[in-house]
Amino acid sequence: MRTRDAAWLSLILLVLACGGPAAPPASPEPVADAPDGKAPAPGDADTAPANSDSGAGDKPASSAPASDQDVTAILQLVVDDPELDRYLHLGQPGRFPLQISGQHLPSGVKLVKATEPVKVVDGPKSKKDAVLVITEIDVQADKATVRYRYDIEGIRGNVTLAKVAHGWELKNSRLVEH
């Protein structure tokens with residue numbers, strides 16, 4: 001009997017040393033800002049933690065495929081990229097309005113460059129045609145990568161973007177001459 005009492009005593013001391021049994025989870029408090037006074041459901045965009053590498057005030061995007069609206073916003077940032085502007089030479093004959101092509105462009109995409117609509121064309125017929133060719137558009141939740149080439153200037157570009165609270169934002173642009 002003493003062995004059994006010693007075992008119980010050891011068990012009780014062990015439980016006390018570990019802080020006792022876990023407290024039951026607290027019920028969620030109503031959120032004062034919510035119109036109905038209820039706490040947002042788990043997984044709501046406003047309560048999900050933001051990615052630590054995407055900046056303050058960002059909301060994570062859903063895992064749904066990118067909409068044409070997102071792709072259009074991303075491509076608009078690419079054609080407006082100051083790094084690319086240095087190579088477009090829109091003042092030269094045959095370069096304005098800007099022309100783009102690419103398999104991954106959404107149908108009916110509407111972009112603007114230097115106050116004029118960008119022309120979507122089938123593709124350059126030669127490397128001397130001033131056509132910005134979008135070779136890749138990769139959108140993964142709140143991050144995107146666009147790759148392109150502009151053969152008339154002999155450049156290739158790689159642009160990374162992030163979706164933040166106010167929309168898409170260009171994070172990095174890298175151009176190389178080849």
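**View 1. Lys-171 and Glu-169 form a salt bridge.** This is a predicted model. The closest N and O atoms of Lys-171 and Glu-169 are 2.7 Å apart. Lys-171 is partly exposed, at 43% relative accessibility. Glu-169 is also partly exposed, at 27%. The structure holds seven salt bridges. Two others have their own views below.

**View 2. The whole chain is built from three helices and eight strands.** Along the sequence, the pattern reads α-α-α-β-β-β-β-β-β-β-β. The protein chain has 178 residues, and 28% of them count as buried. Its accessible surface comes to about 11900 Å². Carbon and sulfur atoms account for 55% of that surface. Consider the contacts between residues at least 6 apart in sequence: 45% of them join residues at least 24 apart.

**View 3. Six strands form an open sheet.** The strand order is E4-E1-E5-E6-E7-E8. The pairing is mixed. Strand E4 (119-120) and strand E8 (167-177) are the edge strands. Each of these pairs on one side only. Helix H2 (residues 68-79) lies across E5, E6, E7 and E8. The helix runs at about 45° to E8.

**View 4. Strands E5 and E6 meet in a hairpin.** E5 covers residues 131-140, and E6 covers residues 143-150. The two strands run antiparallel, joined by seven bridges. One pair to look for starts at Asp-138, whose bridge partner in E6 is Thr-145. Two residues lie between the strands of this hairpin. Here Ala-141 takes a positive phi near 55°.

**View 5. Strands E6 and E7 meet in a second view of a hairpin.** E7 spans residues 155-164. Eight bridges join E6 to E7, and the strands run antiparallel. Tyr-148 has Gly-157 as its bridge partner in E7. Tyr-150 stands opposite Ile-155 in E7. Four residues lie between the strands of this hairpin. Gly-154 takes a positive phi near 65°.

**View 6. The largest nonpolar core has 28 residues.** Those with the most contacts inside the core are Leu-75, Leu-132, Ile-134, Ile-137, Val-146 and Tyr-148. H2, helix H3 (82-88), E5, E6, E7 and E8 each supply at least two residues. H2 gives the most, with five residues. In soluble globular proteins, nonpolar side chains tend to be buried together.

**View 7. Ile-100 sits in strand E1.** This strand covers residues 99-101. Ile-100 counts as buried because its relative accessibility is 1%, and the cut-off for buried is under 20%. Which residues does Ile-100 touch, leaving aside those up to four places away in sequence? They are Leu-105, Leu-111, Val-118, Lys-119, Val-120, Val-121, Val-131 and Leu-132. Of these, Leu-132 is also among the residues with the most contacts inside the largest nonpolar core. Tyr-148 offers another landmark. Ile-100 and Tyr-148 are 48 residues apart in sequence. In space, their C-alpha atoms are 9.8 Å apart.

**View 8. Lys-113 and Asp-85 form a salt bridge that links distant parts of the chain.** Lys-113 lies in strand E2 (residues 112-113), and Asp-85 lies in helix H3. The two residues are 28 residues apart. Their closest N and O atoms are 2.4 Å apart. Is Lys-113 buried or exposed? At 7% relative accessibility, Lys-113 counts as buried. Asp-85 is partly exposed, with a relative accessible area of 35%.

**View 9. Asp-151 and Arg-149 form a salt bridge.** The closest N and O atoms of this pair are 3.0 Å apart. Asp-151 is buried, with a relative accessible area of 13%. Arg-149 reaches 23%, so this residue counts as partly exposed. Arg-149 falls within the residue range of E6, 143-150.

Technical notes
Residues numbered from 1 in each chain as written. Predicted model: local features only at pLDDT ≥ 70, side-chain atom pairs only at ≥ 80, totals over all residues. Heavy atoms only, no water. Pairing = 2+ DSSP bridges. Contact = heavy atoms within 4.5 Å. Axes fitted to C-alpha atoms, helices over the stretch in contact; angles between N-to-C directions. Core = buried A, V, L, I, M, F, W, Y, C linked by side-chain atoms within 4.5 Å. Buried < 20%, exposed > 50% of the residue type's maximum accessible area, 1.4 Å probe, protein only. Salt bridge = Lys/Arg side-chain N within 4 Å of Asp/Glu carboxyl O. Areas by Shrake-Rupley, 256 points an atom, 1.4 Å probe, with all protein chains shown as cover.
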